[in-house]
Amino acid sequence: MRHIIFGGDGFVGRHLAPKLAAEGEEVVVADIAKSPLPHYASAVRHIHCDVTDKASIAAVGITGDDIVYNLSAKMLSPIQVRAKRHDFFFPVNYHGTENIIEAMDRAGASELVHFTTDMIYGHTVTTPMTEDHPVAPLGEYGLSKWKTEELAADWRKRGMDITLFRPRLIIGPGRLGILEKLFKLIDANLPVPMIGSGKNPYQFISVFDCAEAARLAWKAGVPSEAYNLGSLNPPPVRKLLGDLIKHAGSRSVLVPTPGWAVKRTLDLLDRLNKPIMDPEQYLIADEECVLDVSRGERDLGWVPQFRDEDMLIAAYSEYRAKKDGRAVPHAEHLAAE
């Protein structure tokens, strides 16, 4: 058996690949990018691959005994203007997934671990949100991911085993995304506006917990189920940001706002092609978007290990280290990540 990780040079894959190799498994990363990661020097093979190109996927040489992981994706960062979103997300997120599954089928490979997103759910209808929560994506990113889940449902009927993971906002070493804007406000001692009162919880998921979930899916025989990935007991936004401001020694203050008014303003900016946030982010920012992750524990033995408060502070510490020109601590030493 080989473990083939499409998009394995990216955020989650760079932690999953060495984790699998450490178990003595043969690991292949198929990615359009190749970063200077230490595991390429010994334990992990890299193959250049563009998932939008069927011939490129065929050149990876999938065989019937291989287990495949699909981590390739276009994300919400950098922000795209409204007119470009479909063409930005769908070629990689949907058609890339379709190309991978079709290549697996031709090779006789039947096991796929695939990452989608919690943004398939859209607005909160019931809380906590189980995997059976209604699906109503609010934008092209969530829609592109939901379409891959529909694709997976079709291929399961044809005999494939496909595990789906729906993570909340993934954070960890090397990725700041939208958090960088927050950190700049705190560094400048400026007011930090919240969408709404800040009484609703906000849930992250650690990149390390995501990699472990993928490993456990393999260990469990790649169950054909969907699993939410999120932290346990997420705190209210007000406490999460307040603790960060205190940690940073900043004089920033949190400013609650009328959520409806902020959303209308952001909607207007979006229509004018001057987006500050993606609608899929701000439209749910004041809702109780908390994922129930108990199915992962029951089926896979997966329990998230990292707290939201610690993850956010660790991300800020990395931001400060880079800004100050200091060495960033090695990923495994950042316990909060």
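Here are some friendly notes on strand S5 and on the aromatic side chains of this predicted model.

1. Let me start with strand S5, which spans residues 111-115. Five of its five residues are buried, so the strand is mostly covered by the cut-off of under 20% relative accessible area. In a regular strand, side chains alternate between the two faces of the sheet. Here both faces are covered: Glu111, Val113 and Phe115 are buried on one side, and Leu112 and His114 are buried on the other.

2. A look at the neighbour S4 comes next. Strand S4 (residues 67-70) runs parallel to S5, and four bridges join the two. His114 in S5 is the bridge partner of Asn70. Together with helix H3 (residues 85-107), S4 and S5 make a β-α-β unit that is right-handed.

3. S5 also pairs with strand S6 (residues 161-167), again in the parallel sense, over five bridges. Val113 stands opposite Thr163 of S6. From S5 the chain crosses through helix H4 (residues 140-157) to reach S6, and this β-α-β crossover is right-handed.

4. Now to the rings. The count of aromatic pairs comes to 10. One of them is Phe90 with Tyr94, a tilted pair with 6.3 Å centre to centre and 50° between the planes. Both residues lie in helix H3, four residues apart, which is about one turn of the helix. Are these two side chains buried or exposed? Phe90 counts as buried because its relative accessibility is 8%, and Tyr94 counts as buried because its value is 17%.

5. A second pair worth your time is Phe183 with Tyr316, which is edge-to-face, at 5.4 Å centre to centre and 80° between the planes. Phe183 lies in helix H5 (residues 179-187) and Tyr316 in helix H11 (residues 308-323), so this pair ties together parts that are 133 residues apart in sequence. Phe183 has 0% relative accessibility and therefore counts as buried. Tyr316, at 6%, counts as buried as well.

6. Please also look at Phe88, Phe89 and Tyr141, which form one aromatic cluster.

7. Finally, two arginines deserve a glance for their place over rings. Arg158 lies over the face of Trp155, at 4.0 Å from the ring centre. Arg168 lies over the face of Tyr202, where the distance from the ring centre is 5.0 Å.

Conventions. Residues numbered from 1 in each chain as written. Predicted model: local features only at pLDDT ≥ 70, side-chain atom pairs only at ≥ 80, totals over all residues. Heavy atoms only, no water. Buried < 20%, exposed > 50% of the residue type's maximum accessible area, 1.4 Å probe, protein only. Pairing = 2+ DSSP bridges. Right-handed = clockwise from strand over helix to strand, strands pointing away. Phe/Tyr/Trp six-rings, centres within 6.5 Å; stacked < 30°, edge-to-face > 60°. Lys NZ or Arg CZ within 6 Å of the ring centre and 35° of its normal.
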